[in-house]
Amino acid sequence: MIYVSHGEKGGVGKSRLAMVLVDYLLTNGRPVVVVEGDKTGADVGIRFIDQVEVGFINLNRPDEMEEAFTSLFGWIEEHASEKDVVVNLPGQASSTLDQFGDLFVGTGETLGHEVTVFYSLGPLDLHTANLEISMKRGILSFVPLDRRIVVMSEKISPISEYHWTGSTLRKNFLEAGIKERVMPVLKPDYMEKKIRDLEGSYSALLSPQSPLTMAERAVLFRWLRSAHQTVQLKEVIDGK
């Protein structure tokens, strides 16, 4: 399976979602590899580099997308046989890899990987419009409806204040079978920075050997349990 963390440019939670997803898969005993699609901000790859195989492939090249595409799937073909793949897309993915949505999904399926896309959404009307574009002609348009997952982050904005929440587009898409999830916010606020500065999976930080206090581990455990529900996958639950 290929899981893609897609979404708006900068600050909507793509990397956080990818980290939670990798953690969720590892916790459930799934063999995983990670593709970090933006070498300039490789926070997901760096966090897991001592736990899983990581490919650092620059997918943020609008003028060289053919090369980026062949590099991506060449790496997946070589390193991801019978393993789940988590691809953390760069912020420019809507103007780059989205143009190769048909090839992305088709090539993945040829290699034996179905594709699921998590789309981290921003709160503005512009963000809803960009999601619609990806749904109609980007990579999301080539993925089965039940494998398109729209994610809103409580850290960015109250869910009620997302333009998407009250839109007709949302109503139509959900009725069609697209899924929607909410990424919980980690509190207290200082925990965000503290966790960001620590290496290793979130679950590993729950160990008594981690630099977190017992109370901080309890807070992290509660948040992580909810975050795992955000990325919960039927194929993992069913053991497929």
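The following legends describe close-up views of a predicted model.

**View 1. The largest pocket and the residues at its centre.** The largest pocket of the predicted model has a volume of about 700 Å³. Its lining is made up of 35 residues. Nearest the centre of this pocket lie Gly13, Lys14, Ser15, Arg16 and Asp43.

**View 2. Elements and residue classes in the lining of the largest pocket.** At least two lining residues come from each of helix H1 (14-27), helix H2 (43-48), strand E6 (148-153) and helix H7 (189-196). Helix H1 provides the largest share of the lining, with 5 residues. By class, the lining of the largest pocket holds 15 nonpolar, 9 polar and 11 charged residues.

**View 3. Asparagine 88 and its contact with serine 15.** Asparagine 88 is part of strand E4. With a relative accessible area of 3%, asparagine 88 is buried, because the limit for a buried residue is under 20%. The side chain of asparagine 88 is joined to that of serine 15 by a polar contact of 3.4 Å. Serine 15 is also one of the residues that lie nearest the centre of the largest pocket.

**View 4. Aspartate 98, a buried residue without a salt bridge.** Aspartate 98 occupies a position in the loop that runs between strand E4 (84-88) and helix H4 (101-110). This residue is buried and has no salt bridge. The nearest side chain of opposite charge belongs to arginine 137, at a distance of 8.2 Å; a salt bridge would require a separation within 4 Å. The side chain of aspartate 98 nevertheless takes part in polar contacts: one, of 3.2 Å, is made with the side chain of histidine 6, and another, also given as 3.2 Å, is made with the side chain of serine 134.

**View 5. Glutamate 82 and its positive phi angle.** Glutamate 82 is located in the loop between helix H3 (65-79) and strand E4. Although glutamate 82 is not a glycine, its phi is positive, at about 60°. The relative accessibility of glutamate 82 is 77%, and the residue therefore counts as exposed, the limit being over 50%.

**View 6. The cis peptide bond before proline 188.** The peptide bond that leads from lysine 187 to proline 188 is cis, and its omega is near 0°. Proline 188 is found in the loop between strand E7 (179-183) and helix H7. Helix H7 (189-196) is among the elements that supply at least two residues to the lining of the largest pocket.

Technical notes
Residues are numbered from 1 along each chain as its sequence is written. This is a predicted model: local features need pLDDT of at least 70, side-chain atom pairs count only at pLDDT 80 or more; totals for chains, interfaces and linings use all residues. Side-chain values use heavy atoms; hydrogens and water are left out. On a 1 Å grid over the protein atoms alone, a cavity is a set of points where a 1.4 Å probe fits but cannot get out, and a pocket is an open set with protein on both sides within 12 Å along at least five of seven lines; lining residues have an atom within 4 Å of a point. Grid points are joined across faces, edges and corners, and a volume is the space filled by probe spheres set on the points. Helices (H or I, at least four residues) and strands (E, at least two) are DSSP runs, numbered from the N terminus. Ala, Val, Leu, Ile, Met, Phe, Trp, Tyr, Cys and Pro count as nonpolar, Asp, Glu, Lys and Arg as charged, and the others, Gly among them, as polar. Buried means under 20% relative accessible area, exposed over 50%, partly exposed in between (1.4 Å probe, protein chains only). Lys and Arg count as positive and Asp and Glu as negative; His and the chain ends are not counted. A polar contact is a pair of N or O atoms within 3.5 Å; within protein, one must be able to donate a hydrogen and the other to accept it, and residues adjacent in sequence count only if both atoms are side-chain atoms.
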